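Trainee: I have a model open on my screen and would like to learn how to read it. Could we go through it together?

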Amino acid sequence: MNWIYQPWPWYVAGPLIALVMFVLLFVGKQFGMSSNLRTACAAVGAGKVSGFFKFDWKAERWNLMVVLGAIIGGFIASNYMSDNTVEINPEVAQQLAIDYQITSAGESYLPPEIFGPDALSDPFIIAVLLIGGLLVGFGARYAGGCTSGHAISGLSNLQLPSLIAVIGFFIGGLVMVHFLYPLIF
Amino acid sequence: MKYIIYLVTGIFFGIVMFKSEAASWFRIYEMFLFGSFHMYGIIGSALVLGIIGVQIIKRKNIKSVGGGEMSLKPKNKSVARYLIGGIIFGLGWALAGACPGPMYVLAGAGYASILIVIFGAVLGTFLYGLLKHKLPH
């Protein structure tokens, strides 16, 4: 039973993610974790101000159920299947400690320096989290999908638009980590 | 009752995301520093199996449950929206250290701060809806 508590290696996780995509395809849907944000906007009445949210969101309620499941899955995994620590490349961990005073690699699942309860009293951290989320939500809809919708579903279907989007994801991510992190943190 | 399959699929997905550490800020940061093969292995192996499976579905013309076509429609051709949208998404992915799937998983894991990220993502989606017709697509 030890394998349940160990981190799952990539060659277990990757195929299981492919399985999730195929299950959704077989029931006539598609794998994508960001369209639910549009459904959520529509469900709370955003259709009144933009045609983008005027659609039959009730037909898309299924993706809110996937979201609910993901929340429950996160609860189960963190409470019953994990010691909630993540070991990363020691060089990266050391660099995080030296450059950004983030010393929690190997001791926590998320850095408490950013996600801990104490950090929540820091307006700067709240701005980082809010703007990060804002860019993710805006970018995902602009690009028509996120990591799951483009990098897994779209590329599996050999879609050129998804390849362009995934290249964009990495340009954005690399620019943020290599050029903007030193300015922000 | 018909929603059970989506709920169960979501739970399974959530456990895989958490246990593979794809929902960890550290793993995303490490990925963008090319510090480990882990994240590339997850995406790459899902992709290889995905490509093979989708090819089988297309060649054998396999239908979904109920006999409908599978959702494998080609996406609209464009460069601007995918590239600009993708870059904006990537900036946020690296800044928050989470993409949409893991956000929900982390909420379930009890990280209250992630609710700010999710609120931001809903707000970002709403802003896109307001500005859509002014953006190059």
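Mentor: Let us take the model feature by feature, starting with how far to trust it.

Trainee: Good. What are the mean pLDDT of chain A and the average of chain B?

Mentor: First, keep in mind that this is a predicted model. As a general idea, where pLDDT is low, the predicted coordinates should not be read in detail. Here, chain A has a mean pLDDT of 96, with 99% of its residues at 70 or more. Chain B also averages 96, and 99% of its residues score at least 70. For the complex, the predictor gives an ipTM of 0.97 and a pTM of 0.97.

Trainee: Where in chain A is confidence lowest, and where is it highest?

Mentor: Confidence is lowest in helix 1 (residues 2-5) of chain A, with a mean of 81, and highest in helix 7 of chain A, at 98.

Trainee: Next, the overall fold. How many helices and strands are there in chain A?

Mentor: Chain A has 9 helices and 0 strands, so look for helices wherever you turn. Its C-alpha atoms fill a box of roughly 50 × 45 × 35 Å along the principal axes. Of its 185 residues, 50% count as buried. You can also look at contacts between residues at least 6 apart in sequence: in chain A, 41% of these join residues at least 24 apart.

Trainee: How can I check the length of a helix, say helix 7 of chain A?

Mentor: Compare its span with what 1.5 Å a residue predicts. Helix 7 of chain A (residues 123-143) has 21 residues and should therefore span 30 Å; its end C-alpha atoms are 29 Å apart, which agrees. Just after helix 7 of chain A comes A:G144, with a positive phi near 75°.

Trainee: And what does helix 1 of chain B look like by that test?

Mentor: Helix 1 of chain B has 16 residues and reaches 22 Å between its first and last C-alpha, close to the 22 Å expected. B:E21, which follows helix 1 of chain B, has a positive phi, near 70°.

Trainee: Which residues in helix 1 of chain B are buried?

Mentor: A general idea helps here: an α-helix has 3.6 residues a turn, so residues three or four places apart point the same way. In helix 1 of chain B, the buried residues include B:Y6, B:T9, B:G10, B:F13, B:M17 and B:K19. Their cover includes helix 2 (10-26) and helix 4 (61-80) of chain A, together with helix 5 of chain B.

Trainee: Which residues outside the helices have a positive phi without being glycine?

Mentor: Two examples are A:N84, with a phi of about 60°, and A:Q101, with a phi of about 55°. A:N84 is in the loop between helix 4 and helix 5 of chain A, while A:Q101 is in the loop between helix 5 and helix 6 of chain A.

Trainee: Is A:Q101 buried or exposed?

Mentor: Count the C-beta neighbours inside 10 Å. A:Q101 has 9, so it counts as exposed. A:N84 has 16 and therefore counts as partly exposed.

Trainee: How many residues does each chain give to the contact?

Mentor: Chain B gives 98 residues and chain A gives 107. On the side of chain B that touches chain A, helix 4 of chain B has the largest share, with 16 residues. That side divides into 60 nonpolar, 30 polar and 8 charged residues.

Trainee: Which residues touch the most other members of the largest nonpolar core?

Mentor: Of its 103 residues, those are A:I17, B:F89, B:A98, B:M103, B:L106 and B:V117. Helix 4 of chain B gives the most to this core, with 10 residues.

Trainee: Could we finish with B:M103?

Mentor: Gladly. B:M103 is in helix 5 of chain B, and its 28 C-beta neighbours inside 10 Å are why it counts as buried. Leaving out residues up to four places away in sequence, B:M103 touches B:A98, B:I114, B:V117, B:I118 and B:A121. B:V117 is 14 residues from B:M103 along the chain, yet their C-alpha atoms are separated by 7.5 Å. With the same residues left out, the partners of B:A98 include B:A23, B:W25 and B:L106.

Definitions and conventions. Residues numbered from 1 in each chain as written. Chains lettered and ligands numbered in written order. Predicted model: local features only at pLDDT ≥ 70, side-chain atom pairs only at ≥ 80, totals over all residues. Contact = placed C-beta atoms within 7 Å. Helix = DSSP H or I, 4+ residues; strand = E, 2+ residues; numbered from the N terminus. Nonpolar A, V, L, I, M, F, W, Y, C, P; charged D, E, K, R; others polar. Core = buried A, V, L, I, M, F, W, Y, C linked by C-beta atoms within 7 Å. Buried ≥ 20, exposed ≤ 12 C-beta atoms within 10 Å, placed from the backbone. Expected span 1.5 Å × (residues − 1). pLDDT = per-residue confidence, 0-100.
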